[in-house]
Amino acid sequence: MKIAVCPGSFDPVTLGHLDIIERAAELFDKVIVLVMNNSTKKSAFTVEERIALLKKCVHNAGIEIDTYNGLLVDYAKDKKAVAIVKGLRAVSDFDYEFQQALINKSLYSRIETVFLAAKGENMFLSSSMVKEVCSLGGDISPYVPRKIVNDINLRCKGEK
Ligand code: ADP
């Protein structure tokens, strides 16, 4: 069984994330969406809340949701994952993602990083952009699953 891990902060999950997760699920037998804390980013939702939002949106038997605080490659090794799947939006993502892929390969030589190109309409989409639009009173419904629009509005509207 080929297992892949899709790591990220998912603060909150967007249609861009879901596209990558679902496409990964077409390529691998099992995909683990791994919610991680990024210490360089101030988060709007706790890890538990981010997991709950993801669970509202993901209903595919081949996709699991988990969280981990340590090294991504240690988690991948423990789960016997063969790949880390990342979405690439633009050249601006590439430098950082390429560095991550190289460091992960050097830490654990059996792991591959697979990059999936973002869909054209998701190229500009990020969790930060969703939070920014929401905080300023904009309509976020084109960017996130309908089921979580209210949750995000409740948390982020008017927050600055
Ligand atoms: P963000 O950059 O929005 O804070 P994350 O850190 O949660 O997102 O990213 C998790 C993964 O999802 C990364 O591989 C990232 O490149 C990918 N990703 C984020 N937004 C998009 C998008 N709009 N389209 C495709 N992939 C995306």
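**Exercise 1. Find which element gives the most residues to the lining of the largest pocket.**

Solution. The answer is α4, with 9 residues. Helices (H or I, at least four residues) and strands (E, at least two) are DSSP runs, numbered from the N terminus. A pocket is an open set of points on a 1 Å grid over the protein atoms alone, where a 1.4 Å probe fits, with protein on both sides within 12 Å along at least five of seven lines; lining residues have an atom within 4 Å of a point.

This is a predicted model: local features need pLDDT of at least 70, side-chain atom pairs count only at pLDDT 80 or more, and totals for chains, interfaces and linings use all residues. Residues are numbered from 1 along each chain, and side-chain values use heavy atoms, without hydrogens and water.

**Exercise 2. State what occupies the largest pocket.**

Solution. The ligand takes up that space. A molecule sits in a pocket if more than half of its atoms lie within 2 Å of its grid points.

**Exercise 3. Describe the shell around the ligand.**

Solution. Step one: count. The ligand has 17 residues around it, and Lys41 and Gly87 are among the closest. Being near takes a heavy atom within 4 Å. Step two: find the top contributor. That is α1, with 3 residues.

**Exercise 4. List backbone atoms that lie close to ligand N or O atoms.**

Solution. A polar contact is a pair of N or O atoms within 3.5 Å. Start with phenylalanine 10: its backbone N or O atom is 2.8 Å from a ligand oxygen. Next, a polar backbone atom of asparagine 122 lies 2.9 Å from a ligand nitrogen. Last, a backbone N or O atom of leucine 125 is 2.8 Å from a ligand nitrogen.

Key: A polar contact is a pair of N or O atoms within 3.5 Å; within protein, one must be able to donate a hydrogen and the other to accept it, and residues adjacent in sequence count only if both atoms are side-chain atoms.
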